[in-house]
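Biologist: Thanks for sitting down with me over this one. Could you walk me through the model while we both have it on the screen?

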Amino acid sequence: MSFEPSDLSRTPARQTGSRIRYDLDLPGANVGARLLQPIVLLGLMWVIAAADFVLPGSFNGFGVRSWNPTGLIGIVFSPLLHSGWPHLIANTIPFLVLGLLVAAEGIRRFWFVTSVIAVVSGLGAWAVNLPGTLTVGASGLVFGYFGYLIMRAVFTDSILRRLMFGVIGLLVIILYGGSMLTGVLPLFPGISWQGHLFGAIGGGLAAWIAGHPRWQSLSGETTAPRRTGGLY
């Protein structure tokens, strides 16, 4: 993402070597832009659902089709597709609530976590489901965000962050713990518990990777002095 010169006075700066970098993921930077990310993604799901409703045929053929090599392309498209309006409506509120909590950490963090979850959930559904099974829906992301928020408190060195994410994780468990537990078990026909289970695993994996110092260094998320009127 690029910035106009006029933006630089409003965006916190970070010293990296001999260069100053302006970063959307710094604490307090562009909160609105962060929270917009899951809203945009959810809006895209609704636009696709409306187009699928109006146009002939169905987009769901682009979902994950198990054990079919060409079905792997569904890893990209499956989270955006839904079997109908009730399916999309059921996913909307938990996706928005949990997605906003993840996005609050930063724009790059949100898309990184989303990508890891989509890949792990899609591969799990592709490999574990019966051959030819078609999987669509954002519930893999929902379960992944849940797993990420729960495990985020574990994979951090900061005591303050550990307490903060612990409280968030506890609230998330209170709100969605019951449905998340039943959702990863083979209890309901027609529900991809495989996508749910591997989505949650993907969220935990994303939390582990994002909490690793090397990843933070590569992504530019290491804590470094910021120029804030000379106070660091």
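**A walk through the model**

Biologist: Let's begin with histidine 82, which sits in the loop between α2 and α3. Is histidine 82 buried or exposed?

Modeller: Happy to start there, and please keep in mind that this is a predicted model. The relative accessible area of histidine 82 is 9%. The cut-off for burial is under 20%, so histidine 82 counts as buried.

Biologist: Which residues does histidine 82 contact, leaving aside neighbours within four places in sequence?

Modeller: One partner comes from far along the chain: glycine 137 is 55 residues away from histidine 82, yet their C-alpha atoms are separated by 4.8 Å. Val136 and Ala138 are in contact with histidine 82 as well. The full set is Met45, Asn60, His87, Leu88, Asn91, Val136, Gly137 and Ala138.

Biologist: Stepping back to the whole fold, in what order do the elements of the protein run from the N terminus on?

Modeller: There are 8 helices and 4 strands to place. Reading from the N terminus, the order is β-β-α-β-α-α-α-β-α-α-α-α.

Biologist: Among contacts between residues at least 6 apart in sequence, what share joins residues at least 24 apart?

Modeller: The pair of histidine 82 and glycine 137, 55 residues apart along the chain, gave us a taste of this. Over the protein, the share of such contacts that join residues at least 24 apart is 72%.

Biologist: And how much of the exposed area do carbon and sulfur atoms supply?

Modeller: Of the 232 residues, 42% count as buried. The protein exposes about 12500 Å². Carbon and sulfur atoms supply 71% of that area.

Biologist: UniProt has an unreviewed entry that lists transmembrane regions, residues 134–151 and 163–185 among them. How much of the span 163–185 is helix?

Modeller: Let me take the two spans in turn. Residues 134–151 are 72% helix and 11% strand, with end C-alpha atoms 29 Å apart. For residues 163–185 the end C-alpha atoms lie 30 Å apart and the strand content is 0%. The helix content of residues 163–185 is 91%.

Biologist: Next, the packing of α1 against α4. What is the angle between these helices, and how far apart are their axes?

Modeller: Two packed helices are described by the angle between their axes and the distance between the axes. Here α1 covers residues 31–54 and α4 covers residues 107–128. The angle is about 30 degrees, and the axes are 8 Å apart.

Biologist: Which residues of α4 make that contact with α1?

Modeller: On the α1 side, the contact uses Ala33, Arg34, Gln37, Pro38 and Leu41. By class, the contact has 6 nonpolar, 2 polar and 1 charged residues. The α4 side supplies Ile107, Phe110, Trp111 and Thr114.

Biologist: Which members of the largest nonpolar core touch the most other members?

Modeller: This core holds 35 residues. At least two residues each come from α1, α3, α4, α5, α6 and α7. The members that touch the most others are Leu41, Met45, Phe95, Leu98, Val113, Leu141 and Tyr145.

Biologist: Tyrosine 145 is on that list. Which residues does tyrosine 145 touch, not counting those up to four places away in sequence?

Modeller: Leu41, Phe95, Leu98 and Val113 are named with Tyr145 among the core members that touch the most others, and tyrosine 145 touches these four. The complete set is Leu41, Phe95, Leu98, Gly99, Val102, Phe110, Val113, Thr114 and Ile117.

Biologist: What about alanine 200 in helix α7: how is alanine 200 classed by accessibility?

Modeller: Alanine 200 touches Phe143, Gly144 and Gly147, setting aside residues up to four places away in sequence. Its relative accessibility is 21%, and buried would need under 20%. Alanine 200 therefore counts as partly exposed.

Biologist: One last backbone query: what is the phi of tryptophan 67?

Modeller: Tryptophan 67 belongs to the loop between β3 and α2. Because its relative accessibility is 54%, tryptophan 67 counts as exposed. Although tryptophan 67 is not a glycine, its phi is positive, at about 65 degrees.

Technical notes: Residues are numbered from 1 along each chain as its sequence is written. This is a predicted model: local features need pLDDT of at least 70, side-chain atom pairs count only at pLDDT 80 or more; totals for chains, interfaces and linings use all residues. Side-chain values use heavy atoms; hydrogens and water are left out. Buried means under 20% relative accessible area, exposed over 50%, partly exposed in between (1.4 Å probe, protein chains only). Contact means heavy atoms within 4.5 Å. Accessible areas come from the Shrake-Rupley method with a 1.4 Å probe; for residues, only the protein chains shown count as cover. UniProt positions are given in the numbering used here, feature names are shortened, and annotations may be inferred rather than shown by experiment. Axes are lines fitted to C-alpha atoms, for helices over the stretch in contact, and angles run from 0 to 180 degrees between N-to-C directions. Ala, Val, Leu, Ile, Met, Phe, Trp, Tyr, Cys and Pro count as nonpolar, Asp, Glu, Lys and Arg as charged, and the others, Gly among them, as polar. A nonpolar core is a set of buried Ala, Val, Leu, Ile, Met, Phe, Trp, Tyr and Cys residues joined through side-chain atoms within 4.5 Å.
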